[in-house]
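These are my notebook entries on one structure. I set down what I looked up, item by item.

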Amino acid sequence: MEKDTRLILALDVLDSAEALRISQVVAGHVDAIKVGYPLILATGLGIITELSRYAPIIADFKVADIPNTNRLICEQVFKAGADAVIVQGFTGHDSLRTSVEVARSNNKDIFVVTEMSHPGALDFMQAAGEAIAKMAADEQASGVVAPATRPERVRDIRNIIGSDLTIISPGVGTQGGSAADAIRAGADWVIVGRSIYQSDDPAAVAAKLVSEIKEVI
Ligand code: FNU
């Protein structure tokens, strides 16, 4: 995934024609498109192949299973054409290690969720976020997912992982986070969904986010 606009589209729409239309108009403004359960369950895994003509695809399945099941899932997702898979970190080092092995043998990436962006992440996840970030670095994942809603946590997590791993950061716009703040705190990319795909002019919103990001780098 090339670091150019530093914007990733989260495409949580439920219709394949709409997904393709939005991807086409936004493609020039994003470095990747993130798809997850909503779109894949509604349209099928084949949508990954269709969308991959517009941008690299990150499959946000937040995989959270035993090592063997993580392996089976990641193999299927990479086979479908995804460039990266998002996995949970709380399942521990063996599950993560297996996912990273599958990614490496396919020349693909794994991103590990550290602490999520919604308020409920404070209930359980935040306490483990830093240890998960350290594990992601130890297991040589490509990067981590850290919350744009809490830029100070992005900064803490950046200090733990150093410069070898990348940070992709959701929570900008509808969830209240700012793209500029997340990038300033150390995120490599911000992930934006509803603010773009629910807008009347998705390309214009994406372009505005990119210029906001460019101002702080
Ligand atoms: P938007 N997402 C998130 N927070 O929001 N993968 C996390 O901590 C995380 C995620 C995803 O709010 C969320 O599922 F690990 O409409 C959605 O697809 O901009 C996207 O990021 C945010 O979408």
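Is asparagine 107 buried or exposed? I note first that the model is predicted. I counted 8 other C-beta atoms within 10 Å of asparagine 107, so this residue is exposed, since a residue with 12 or fewer falls in that class. I then looked up its place, which is the loop between helix 5 and strand 5 (109-113). Its phi is positive, about 60°, although asparagine 107 is not a glycine. For background I recorded that most residues other than glycine have a negative phi.

Entry on lysine 62. I found that lysine 62 also has a positive phi, here about 40°, and is not a glycine. Lysine 62 belongs to strand 3 (residues 57-63). With 17 other C-beta atoms within 10 Å, lysine 62 is partly exposed, because its count lies between the limits of 12 for exposed and 20 for buried.

Entry on cysteine 74. I located cysteine 74 in helix 4 (residues 67-79). Why does cysteine 74 count as buried? I found 25 other C-beta atoms within 10 Å of cysteine 74, and 20 or more are needed for a residue to be called buried. Setting aside residues up to four places away in sequence, I listed its contacts as Val63, Val85, Ser99, Val102 and Ala103. I also checked a distant pair: cysteine 74 and glutamate 152 are 78 residues apart along the chain, and their C-alpha atoms are separated by 31 Å.

Entry on helix 4 and helix 5. I looked up how helix 4 meets helix 5 (residues 93-105): their axes come within 8 Å and cross at roughly 30°. Helix 4 is therefore roughly parallel to helix 5, as the angle is under 35 degrees. The crossing of these two helices is right-handed. On the side of helix 4, the contact is made by Pro67, Asn70, Arg71, Cys74, Glu75 and Phe78. Helix 5 contributes Asp94, Ser95, Thr98, Ser99, Val102 and Ala103. I sorted the residues of this contact by class and obtained five nonpolar, four polar and three charged.

Entry on helix 1 and helix 10. At what angle do the axes of helix 1 and helix 10 cross? I read roughly 45° for helix 1 (residues 16-26) and helix 10 (residues 202-216), whose axes come within 8 Å. This angle makes helix 1 oblique to helix 10. Helix 1 passes helix 10 in a right-handed crossing. Ile22, Val25 and Val26 of helix 1 form the contact with Pro202, Ala203 and Ala206 of helix 10. By class, I found six nonpolar residues in this contact, no polar and no charged.

Entry on the ligand. I looked up the 20 residues around the ligand and noted that Ala10, Met116, Pro170, Gly193 and Arg194 come nearest. Strand 8 (189-192) and helix 9 (194-197) are the elements that give two or more residues to this shell. The shell divides into nine nonpolar, eight polar and three charged residues.

Entry on threonine 174. I placed threonine 174 in the loop between strand 7 (166-170) and helix 8 (179-184). Threonine 174 is exposed, with 12 other C-beta atoms within 10 Å. Apart from neighbours within four places in sequence, threonine 174 is in contact with Arg194 and Ser195. Finally, I recorded that threonine 174 and isoleucine 8 are 166 residues apart in sequence and 15 Å apart in space, C-alpha to C-alpha.

Methods. Residues are numbered from 1 along each chain as its sequence is written. This is a predicted model: local features need pLDDT of at least 70, side-chain atom pairs count only at pLDDT 80 or more; totals for chains, interfaces and linings use all residues. Helices (H or I, at least four residues) and strands (E, at least two) are DSSP runs, numbered from the N terminus. Two residues are in contact if their C-beta atoms, placed from the backbone, lie within 7 Å. Axes are lines fitted to C-alpha atoms, for helices over the stretch in contact, and angles run from 0 to 180 degrees between N-to-C directions. Angles under 35 degrees count as roughly parallel, over 145 as roughly antiparallel, 65 to 115 as roughly perpendicular and the rest as oblique. A crossing is left-handed if the near helix is turned anticlockwise from the far one by less than a right angle, and right-handed if clockwise. Ala, Val, Leu, Ile, Met, Phe, Trp, Tyr, Cys and Pro count as nonpolar, Asp, Glu, Lys and Arg as charged, and the others, Gly among them, as polar. A residue is near a molecule or strand if its C-beta atom, placed from the backbone, lies within 6 Å of it.
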